[in-house]
Amino acid sequence: MESILIVDDDINLCQALSDELREVGYETTFVNDGDQALIHLSNTPADLVLLDLKMPGKDGFEVLKEMNEKKINSKVIVLTAYADVKSAIDSAKMGASDFISKPYDFDELLITIRKVLQKDG
Ligand SMILES: [Mg+2]
């Protein structure tokens, strides 16, 4: 079973998204800030991280930066509250595989997740 770590300061979003992803067969965990995300990934690698960019404390960009430094090579799909082209480009430069804007469409998100998890490397 492929594992997905959801990182978002919106607890309701984490819970809803986690439930939806479990229903379609993924193993999920969620955390609500960047520090918890990095601790979790150091202990338990995930196949995929769904990463909110805007969080208090360590934001998504800082998480991406530290993941690179710590050579944590989980794939990352960035989530952000609106279609922000610059953030998409910046996060892609830092290793994110794809980008989804919130409020997310679950079917669209699922297509993106499947696509990213199928890619090698
Ligand atoms: Mg947020």
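## Contacts between α2 and α3

Two residues are in contact if their C-beta atoms, placed from the backbone, lie within 7 Å. By that rule, G34, A37, L38 and L41 in α2 meet E62, V63, E66 and M67 in α3. The contact of α2 with α3 is made up of 5 nonpolar, 1 polar and 2 charged residues. The model is predicted.

Two packed helices are described by the angle between their axes and the distance between the axes. Here α2 spans residues 34-43 and packs against α3 at an angle of about 25°. The axes are 9 Å apart. Angles under 35 degrees count as roughly parallel, so α2 is roughly parallel to α3. The crossing of α2 past α3 is right-handed.

## The sheet

Strands of a sheet pair through backbone hydrogen bonds, either parallel or antiparallel. This sheet is open and has 5 strands, with parallel pairing. Their order is β2-β1-β3-β4-β5. At the edges lie β2 (27-31) and β5 (98-101), each of which pairs on one side only. From one strand to the next, the twist averages 20°.

Helix α3 (residues 60-69) lies across β1 (3-7), β3 and β4. The helix runs at about 145° to β3.

## Strand β3 and its partners

How much of β3 is buried? Of its 5 residues, 5 are buried, so the strand is largely enclosed by the rest of the structure. The side chains alternate in direction: L48, L50 and D52 point one way, while V49 and L51 point the other way. All of these residues are buried.

On one pairing, 4 bridges join β1 to β3, and the two strands run parallel. V7 stands opposite L51 in β3. On another, 5 bridges join β3 (residues 48-52) to β4 (residues 75-80), again running parallel. Within that pairing, V49 has V76 of β4 as its bridge partner. D52 is likewise partnered with L79 in β4.

## I4 in strand β1

I4 is found in strand β1. Is I4 buried or exposed? A residue is buried if 20 or more other C-beta atoms lie within 10 Å of its own. I4 has 24 C-beta neighbours inside 10 Å, so I4 counts as buried.

Beyond residues up to four places away in sequence, I4 touches L21, Y26, T28, A46, D47, L48 and L50. L48 and L50 in this list also belong to the group that points one way from β3. K70 is another matter: I4 and K70 are 66 residues apart in sequence, and their C-alpha atoms are 19 Å apart.

## L79 and I100

L79 is found in strand β4. With 23 other C-beta atoms within 10 Å, L79 is buried. Residues up to four places away in sequence aside, L79 touches D8, L50, L51, D52, I100, K102 and Y104. D52, one of these contacts, is also the bridge partner of L79.

I100 lies in strand β5, an edge strand. How buried is I100? Residues with 20 or more C-beta neighbours are buried and those with 12 or fewer are exposed. I100 has 18 C-beta neighbours inside 10 Å, and therefore counts as partly exposed. Leaving aside neighbours within four places in sequence, I100 is in contact with I77, L79, L109 and T112.

The C-alpha atoms of L79 and I100 are separated by 5.0 Å, although the two residues are 21 residues apart along the chain. I100 and D84 are 16 residues apart in sequence. Their C-alpha atoms are 9.9 Å apart in space.

## Backbone exceptions in two loops

Most residues other than glycine have a negative phi, and most peptide bonds are trans. Which residue has a positive phi without being glycine? K71 does, with phi near 55°. K71 lies in the loop between α3 and β4. K71 has 6 other C-beta atoms within 10 Å, so K71 is exposed.

The peptide bond from K102 to P103 is cis, with omega near 0°. P103 lies in the loop between β5 and α5 (106-118). K102, on the other side of that bond, is among the residues that L79 touches.

Note on methods. Residues numbered from 1 in each chain as written. Predicted model: local features only at pLDDT ≥ 70, side-chain atom pairs only at ≥ 80, totals over all residues. Pairing = 2+ DSSP bridges. Axes fitted to C-alpha atoms, helices over the stretch in contact; angles between N-to-C directions. Parallel < 35°, antiparallel > 145°, perpendicular 65-115°, else oblique. Left-handed = near helix turned anticlockwise from the far one by under 90°. Nonpolar A, V, L, I, M, F, W, Y, C, P; charged D, E, K, R; others polar.
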